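Good morning, and thank you for the opportunity to present. I would ask you to look at the structure as I speak, and to follow the residues by number.

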Amino acid sequence: MDDRDRTDGVRLTARERAALAEIEEGLRQDHDPAPTPRRSTGGRRLPVVVALMLVCSVVLAVVGIRTSEPALLWCFAVMWPLTVLQVIRLLGRWIRTTGPFTPWF
């Protein structure tokens, strides 16, 4: 069977066949067609950041309560919700990496 006689009835010129053969050869040599995206290093820092935020929040709360300084209390009021959100992110990632959720009861 000739290369020009395909079952779909499309005929290619010699130049088009050569270009197609070159593309197919390149695809055959490509062993990894879709490389996996690399995980950023930011994922490893999240537990450290959460721990530091927790320590800062506790220190701000204790010092703010003992001194009754409004600026320290406001800093705690800003820091605490951010800390809680980061803890939720960390727990969500931990749940995703440990596998499917199984109820405890």
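Let me begin with a term: a residue counts as buried when its relative accessible area is under 20%, as exposed when that value is over 50%, and as partly exposed in between. Please also keep in mind that what you see is a predicted model.

With that definition, we may take one residue, Gln86, which is found in helix α3. Is Gln86 buried or exposed? Its relative accessible area is 18%, and therefore Gln86 is buried. Which residues does Gln86 contact, leaving aside its neighbours within four places in sequence? They are Leu46, Val50 and Met53.

I turn now to the overall picture. The protein has three helices and zero strands, and from the N terminus on its elements run α-α-α. It has 105 residues, of which 10% count as buried. The protein exposes about 9400 Å², and carbon and sulfur atoms supply 65% of that area. As for contacts between residues at least 6 apart in sequence, 49% of them join residues at least 24 apart.

Let us move to the surface. Leu54, Val78, Trp80, Leu82, Val84, Leu85 and Ile88 make a nonpolar surface patch of about 620 Å². Which element gives the most to the nonpolar patch? The answer is α3, with six residues. Leu54, another member of the patch, is found in helix α2. Leu54 has a relative accessibility of 34%, so it counts as partly exposed.

Trp80 belongs to this patch, and it also brings us to the aromatic rings. The count comes to one aromatic pair. In that pair, Phe76 and Trp80 are stacked, with 6.0 Å from centre to centre and 25° between the planes. Why are Phe76 and Trp80 separated by about one helical turn? The reason is that they stand four residues apart in helix α3. Phe76 counts as partly exposed because its relative accessibility is 25%. Trp80, at 39% relative accessibility, likewise counts as partly exposed.

Next come the charged side chains. How many salt bridges does the structure hold? It holds two. One of them links Arg28 to Glu24, with 3.9 Å between the closest N and O atoms. These residues are four apart in helix α1, which spans residues 14-29, so about one helical turn separates them. Arg28 also meets Glu25 in a salt bridge, at 2.9 Å from N to O. Arg28 and Glu25 are three residues apart in helix α1, about one turn of the helix. Through salt bridges that share partners, Glu24, Glu25 and Arg28 are joined into one network.

How accessible are these residues? Arg28 counts as exposed, at 56% relative accessibility. Glu24 counts as partly exposed at 37%, and Glu25 is partly exposed with a relative accessible area of 37%.

My last point concerns the backbone. Most residues other than glycine have a negative phi. Ser68 is not a glycine, although its phi is positive, at about 55°. Where is Ser68 found? It is in the loop between α2, residues 42-67, and α3, residues 70-98. With 55% relative accessibility, Ser68 counts as exposed.

To close, I would ask you to find two residues on the model: Gln86, which is buried, and Ser68, which counts as exposed. Thank you for your attention.

Key:
Residues are numbered from 1 along each chain as its sequence is written. This is a predicted model: local features need pLDDT of at least 70, side-chain atom pairs count only at pLDDT 80 or more; totals for chains, interfaces and linings use all residues. Side-chain values use heavy atoms; hydrogens and water are left out. Helices (H or I, at least four residues) and strands (E, at least two) are DSSP runs, numbered from the N terminus. Buried means under 20% relative accessible area, exposed over 50%, partly exposed in between (1.4 Å probe, protein chains only). Patches are made of residues with over 30% relative accessible area and no salt bridge: like charges are joined within 9 Å, nonpolar side chains (Val, Leu, Ile, Met, Phe, Trp, Tyr) within 5 Å. Accessible areas come from the Shrake-Rupley method with a 1.4 Å probe; for residues, only the protein chains shown count as cover. A salt bridge is a side-chain nitrogen of Lys or Arg within 4 Å of a carboxyl oxygen of Asp or Glu. Rings of Phe, Tyr and Trp (its six-membered ring) pair if their centres lie within 6.5 Å; planes under 30 degrees apart count as stacked, over 60 as edge-to-face and the rest as tilted. Contact means heavy atoms within 4.5 Å.
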